[in-house]
Amino acid sequence: MAKHQINQFGTKIGLIAATVGSAVGLGTIWRFPAEVQSGGGAAFLLLYVVCVFLLAIPVMLSEFALGRSTREDAVGAYRKLSPDSKWWMAGGLAVVSSYLIMCFYMVVGGWTLEYLLGAVSGDLFEPFYQGQGAHEMFNGKMQEYVSGGWSPIVNTCMIIIINIGVLVCGVQKGIERMSNIMMPLLFVSLCVIMGYVLCQLGSFGGVEYFFKPDFSKITPGVMVGALGQALFSLSLGMGILITYSSYFPSDTRLTRTSVIVSVMTLVVAVMMGLIIFPAMSAFGMNDANHCVEGTTLVFVTLPEVFMCMEGGRVWAIIFFSLLLLAALTSTVSIAEVSVAFVGRRFKLSRFKSTLLVLLPLLLFSSICAMSFGPLENFKIGGYTIFDGLDTLTNNIMLPVVALLGVIFVGWVAPRKLMRDQLTNNGAFKSVFESAVMFVIRYIAPVVILVILISNIL
Ligand code: PHE
């Protein structure tokens with residue numbers, strides 16, 4: 001039997017830092033503002049808040065219940081609760097999809113590192129060629145950075161190596177310790193940037209834009225988007241929270257934890273909104289040219305903003321460090337799904353299971369990184385490898401994993417499972433139990449099915 005380190009989070013703060021760290025990733029930071037922009041500002045924000053409280057928190061509780069009651073990885077949890085069935089395959093799908101997500105997410109982590117290094121060396125702000133506007137320059141930079149030769153591959157591999165370094169140290173000494181350091185840093189950097197941006201002349205226009213609801217923009221598509229964003233930004237449907245909650249101590253109050261994690265993630269998302277929109281309005285970038293869509297937002301629009309700010313290079317360094325911290329705490333959480341599975345399934349030490357999971361990624365993620373360079377024209381069904389994995393996992397695999405999870409907890413597992421988990425085996429009363437169970441049984445499956453169907457169509 002392999003030696004196992006203590007597989008439990010040591011402190012409440014640590015487990016919250018780790019779980020929020022997983023949630024606050026690139027999805028929260030760059031996908032959220034884009035959805036706000038297309039979904040009518042505060043109208044989308046409101047919708048998102050409703051989706052988090054009415055749907056995502058109950059779904060999160062169902063994943064917590066699976067993990068903490070069994071103290072197993074995603075596959076083991078299903079197997080333990082339903083030994084003679086094929087339900088373990090739902091956990092298997094979670095492991096597979098989290099692995100596929102990792103393949104391309106590491107690449108984005110690599111870009112973040114590349115930009116941070118560019119900001120530190122000053123290379124990021126070097127003119128691309130004379131006489132070119134800032135927007136074109138940063139657009140050109142992005143093309144150059146993501147497609148250029150070895151550097152995206154080297155940076156992606158660096159991110160994987162950092163992940164290995166954290167994960168081999170185990171749950172408490174690796175994941176928890178890293179989160180305890182990185183999450184406060186991330187919050188402080190966010191506060192500093194937000195404070196500075198909000199003090200700029202003309203920033204109020206952006207605040208107004210963000211907080212003024214335009215309900216005419218709420219279409220069925222936007223509603224499905226808000227639901228999907230609520231699930232994705234809280235790392236649901238990936239097996240992450242099943243795995244992390246298996247490390248929660250038995251006196252952790254799950255309902256309280258889920259609310260704290262969701263509210264903190266929401267706060268980060270709102271703070272990002274309070275950075276991006278005010279900055280764009282202060283520096284006159286709120287035209288159609290400056291979209292806040294994902295990669296363009298962080299790698300083109302924001303560098304442009306920093307260039308306008310006094311001490312722009314320092315701001316860029318702070319921002320890309322923040323983004324790197326967010327990416328690392330998320331990649332570690334998603335890698336842990338496979339590390340925990342491989343470790344328990346094959347009874348391997350943490351060192352061996354971490355290497356077995358992450359070393360092959362050096363190859364897989366490098367191939368994904370090449371989707372923007374040498375493998376640009378290698379397409380399957382019209383998608384590059386990177387886009388194909390992104391679309392397959394986000395649109396299909398994640399909703400399927402989340403759907404199977406709620407069906408299992410709501411209809412297959414004994415009713416007692418949820419009650420025991422919400423009340424810590426009867427240690428106290430839970431006023432939310434019936435409401436949570438109602439959502440898990442009736443609302444969540446229907447809503448997730450709608451998301452899935454609309455993603456497929
Ligand atoms: N909530 C995470 C995010 O916003 C989701 C995620 C976690 C994605 C881990 C990939 C890896 O980015």
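This text walks through a predicted model, beginning with its largest pocket and then turning to its salt bridges.

The largest pocket holds about 870 Å³ of space, and among the 36 residues that line this pocket, those closest to its centre are Arg31, Glu35, Phe232, Asp390 and Asn394. Two or more lining residues come from each of the helices H2 (26–38), H5 (88–121), H10 (220–233), H13 (294–308), H16 (385–412) and H18 (433–456), with H16 giving the largest share, nine residues. Sorted by character, the lining of the largest pocket consists of 18 nonpolar, 13 polar and five charged residues.

Across the whole structure there are five salt bridges. In one of them, the side chains of Arg350 and Glu336 meet with N and O 2.6 Å apart, and this pair links distant parts of the chain, since Arg350 belongs to helix H15 (residues 350–369) and Glu336 to helix H14 (residues 312–345). Arg350 counts as buried because its relative accessibility, 13%, is under 20%, and Glu336, at 0%, counts as buried too.

A salt bridge also forms within helix H17 (residues 415–422), where Lys416 and Asp420 lie four residues apart, about one turn of the helix, and their side chains meet at 2.6 Å, N to O. Here Lys416 is exposed, with a relative accessible area of 51%, whereas Asp420 is buried, with 19%.

Helix H17 also contributes Arg419, which pairs with Glu433 in helix H18, 14 residues away, the closest N and O atoms of this salt bridge being 3.1 Å apart. Arg419 is partly exposed at 38%, while Glu433 is buried at 11%, and salt bridges with shared partners join Arg415, Arg419 and Glu433 into one network.

Technical notes:
Residues numbered from 1 in each chain as written. Predicted model: local features only at pLDDT ≥ 70, side-chain atom pairs only at ≥ 80, totals over all residues. Heavy atoms only, no water. 1 Å grid on protein atoms, 1.4 Å probe; cavity = no way out; pocket = protein on both sides within 12 Å on 5 of 7 lines; lining within 4 Å. Points joined across faces, edges and corners; volume = space filled by probe spheres on them. Nonpolar A, V, L, I, M, F, W, Y, C, P; charged D, E, K, R; others polar. Salt bridge = Lys/Arg side-chain N within 4 Å of Asp/Glu carboxyl O. Buried < 20%, exposed > 50% of the residue type's maximum accessible area, 1.4 Å probe, protein only.
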